Amino acid sequence: MTKTIRLTAAQAMVRWLSVQMTEDGERFIEGVWAIFGHGNVAGLGEALHGIGDKLPTWRGQNEQTMAHAAIAYAKTKRRKRAQAVTSSIGPGATNMVTAAALAHVNRLPVLFVPGDVFANRRPDPVLQQIEDFDDGTVSANDAFKPVVRYFDRIARPEHLLTALPRALAVMTDPANCGPVCLAFCQDVQAEAYDYPESFFEPKVWRIRRPEPDPREVEDVAALIAAAKAPVIVSGGGVLYSDAEEELAAFAHKHNIPFVETQAGKGANSWEDAFNFGSPGVTGSACANALCEATDLVIGVGTRFQDFTTGSWALFKNAQRKLVSINLHGYDAAKHGAVPVVGDARITLERLSKALGDHKAPAFDAASRTDWHAAVKAVIAAPEGKPTNSLPTDAQVIGAVQRVARENTVAMCAAGTMPGALQVLWQSAKGGYHMEYGYSCMGYEVAGAMGIKLAAPEKEVICFVGDGSYMMANSELATAVMRRVPYTVVLTDNRGYGCINRLQIESGGAEFNNMYKDSNVAVQPEIDFVAHARSMGAHAEKATDIANLESRIVAARGRDIPSVIVIDTDAVPGTGAGGHWWDVAVPQVGGPERLEKARQRYNANSALQRAFD
C-alpha cells in the first residue's frame, strides 16, 4: 500500500522543491523571491513560512526586478542552480512577463509561480482578474506562454505530481533550458491532497553532456582542414558547458583565432594571444577584419544574433562557410550552417582528435596588438582638456579598468555601455556579465545583486546609465537590507544618449530622447546621489575621472552597495571599432540628412548575405 502524506498543494510544492538537488549536494532551487498579495499570500505564503530555511524566502521591491536578480544568479551559476519567483495575480504576475522573456532569450532557468484565478470559479471575477469574453480558460498568466519554455496551470492539487518534474526537467536540460511558469490557482494552493511520500524523496538532477554525432564531427573536421582562414565565434554556450579551457586549447593547437560574443565574452582572458575581442556591430577592429576575410566561421554555443554578425553583412568572403556547434538542432541549423549537435566541451575534444596535428595557416597577429593600442588611447584619462569638459563613456570604462582586479566582474544590460564594454573592456577570465540577448533596461541594479549573491567572492561593478536607472532601481534597497555589497557606476548624460546617437546615425532629428529635445516645461535636474542615499546605499558624486577611480577603490571596504554618479558627454560613441547595424531608414521623404542615411543604408544592406 502506498504511504501518503496529507498536505496543501502549496505545502507540497515547496516541500518538493526543497529536495531537488544538484550533483554537488545543493538545492537546485536555492530559494524563492516573493511579493505576496491575494493569489499567493494565504496559500503559498503560508507554506513558505512553514518550510523556513529549507527553502528560504526573500522579499523584493518589484516583481520584474526580483526576477532579474534570479536570472543573474542563474547566469552566474552557469545554469547549475536557479531561483524561483512568486507573485500575486494580475499586475504582480504580468510584471514578471518581461523578465520571463529576458530569461527565454538568454536560455536561463528561473521558476515563475504567479498566483492565478479560482479554479472553482465561484467568486469570479475576482480582483485583478482578466476576463476573456470568448475563452473561459484564459487568465493574465496566459501572457507567459510565448516567453517560457514550459507552461502549466495548477488547477488541481494532483497536477503537481506531473507539473513539477516537467518543470525541473526543462530547467536542467542543456538544450531546452529556459524559464518555466507554473500558474498556481489560488484556491488550489490551499486545497489538501494525499500525496505519495515517495514524491518527496530527494532527487539529484544531472546536467547532461550530449555526445555529437561522429558523422557531423567528421564533416566539420574536413571543413576545418580545408579552410585557409578559419575563425571561431565563442558564445555563451562555451561558459555553460565549462568549455573555456577546451576552446582555448583547440584554438592554440590548431592555430585558429577566436572572437567572443556578448554572452561569451570573458570565457577566456583578453590577454590570450588568440583572443581577438568581439565581432560585429560592437566589435573590435581586429576581430571584424578576421571575420570579413574568413572562409570558415566556426560558431561554438552562439545563436548568431544580429550584433554578432553585423546584421549578416560582416562575413564578406564569397567562399565563406558556416559551422554551428550547439546543443539544440534549432540553433545548429541556422542560416544553412553545417551543424554539430552536442555539448561544446565534448565536441571540441572530438573535433581536435579528428584534426590530429592539423594547423590552420598563419593569421595576422599584429592586428590584435594594434587594436589594444587603439583601445588604450580611447580609454585613457583626459589630459589637456578644459576642466569643465565632460568625460566620455570610454573614459569612464578606462577609469574602472585601471583599478579593476582579477576578481572584478563588469556587468551591464542596456544603453550605451553594453556596446562600449564589449568593444573596450579588457576582461579577465570570468570578469564579464552582460544581459544583451534582450537588452533589458532595468536589469542592471537588480542583476548586480544577483551576481553578488551567486559569487560573493567577486567584486561586482554595475555600469548603468541615468535612463536605465530611472526605469528600475528599487532593488538597491533590497541589497542594502540584505547587506549585499557591489558598486554602481551611474553615468548621467541627461537622457537616452545611446538611442539619440542611433537616431542621428539613421538620419533622424534629435527628438524625444534627451531631456533637452523632449516636450517638457522644465529640464529636470535629478539628484541621483540623494536618491540612492534615501534607499540606504552609500552614494557620492565623482568630480572627474581620477576621482572616480579613487571612489571605486574606497567602495571595496563597505558591506552595502555604493553608488558613484558621474556626469558624462552624451555625444561621443566608443571611438573605436564597430560595424554597420541594420536599422531601417524611411525609404521616402525627409530632408537631406535622411537622403544621406538612405544612401548609407542601401550600400550596407546590399552586403547582407545569408549562408548557403
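This is a short tour of the structure, stop by stop, with what to select and what is found there. The model is predicted.

**Whole chain**

Start with the full protein chain in cartoon view. It has 24 helices and 21 strands. Turn to the principal axes: the C-alpha trace spans about 75 × 65 × 55 Å along them. The radius of gyration is 25 Å, which agrees with the value near 25 Å that a compact globule of 612 residues would have.

Now colour by burial. Buried residues account for 57% of the 612. Switch on the surface. The accessible area is about 24700 Å², and carbon and sulfur atoms contribute 52% of it.

Next, look at contacts. Take those between residues at least 6 apart in sequence: 76% of them join residues at least 24 apart.

Then select the charged side chains. There are 60 positive and 68 negative ones. The centres of the two sets lie 3 Å apart.

**Helix H1**

Select residues 9-17, which form helix H1. This helix is mostly covered, with 7 of its 9 residues buried. Which residues of H1 are buried? Show Ala9, Ala10, Ala12, Met13, Val14, Trp16 and Leu17 as sticks; these are the buried ones.

**Lys77 and Pro91**

Move on to Lys77, in the loop between helix H3 (63-76) and strand S5 (82-87). Lys77 is partly exposed, at 25% relative accessible area. Draw a distance from its C-alpha to that of Pro91. The two residues are 14 apart along the chain, and the C-alpha atoms are separated by 29 Å.

**A cis peptide bond**

Zoom to Asp124 and Pro125. A cis peptide bond joins them, with omega at about -10°. Pro125 sits in the loop between strand S6 (111-116) and strand S7 (150-154).

**Asn288**

Select Asn288 in helix H11 (residues 285-293). Is Asn288 buried or exposed? Its relative accessible area is 4%, so Asn288 is buried. Display its contacts, leaving aside neighbours within four places in sequence. Asn288 touches Ser278, Pro279, Gly280 and Gly283, as well as Leu314, Gly578 and His579.

**Two positive phi angles**

Trp312 comes next, in the loop between helix H12 (306-309) and strand S14 (321-326). Its phi is positive, about 60°, although Trp312 is not a glycine. Trp312 is buried, with a relative accessible area of 12%.

Jump to Asn512, in the loop between H21 and helix H22 (528-534). Here too phi is positive in a residue other than glycine, with a value near 70°. Asn512 counts as partly exposed, at 47% relative accessibility.

**Ile504 and Ala597**

Step back to Ile504, in helix H21 (residues 497-505). Ile504 counts as partly exposed, at 41% relative accessibility. Add Ala597 to the selection. Ile504 and Ala597 are 93 residues apart along the chain, yet their C-alpha atoms are separated by 9.1 Å.

**Ser427**

Select Ser427, in the loop between helix H17 (416-424) and strand S17 (432-434). Ser427 is buried, with a relative accessible area of 3%. What does Ser427 touch, not counting residues up to four places away in sequence? Show Lys265, Gly266, Asn268, Ser269 and Trp270, then add Tyr432; these are the residues in contact with Ser427.

**Cysteines**

Finish with the cysteine sulfurs. A disulfide is a covalent bond between the sulfur atoms of two cysteines. How many disulfides does a search of the whole structure find? The search finds 0.

Pick Cys412. Its nearest cysteine sulfur is that of Cys462, 7.0 Å away, and Cys412 is in no disulfide. The cut-off for a disulfide is a sulfur pair within 2.5 Å. Cys412 is buried, with a relative accessible area of 0%.

Then pick Cys440. Cys440 is in no disulfide either, and the nearest cysteine sulfur, that of Cys412, is 12 Å away. Cys440 counts as buried, at 6% relative accessibility.

Notes
Residues numbered from 1 in each chain as written. Predicted model: local features only at pLDDT ≥ 70, side-chain atom pairs only at ≥ 80, totals over all residues. Heavy atoms only, no water. Helix = DSSP H or I, 4+ residues; strand = E, 2+ residues; numbered from the N terminus. Rg over C-alpha atoms; globule rule 2.2 N^0.38 Å. Buried < 20%, exposed > 50% of the residue type's maximum accessible area, 1.4 Å probe, protein only. Contact = heavy atoms within 4.5 Å. Areas by Shrake-Rupley, 256 points an atom, 1.4 Å probe, with all protein chains shown as cover. Lys, Arg positive; Asp, Glu negative; His and termini not counted. Charge placed at Lys NZ, Arg CZ, Asp CG, Glu CD.
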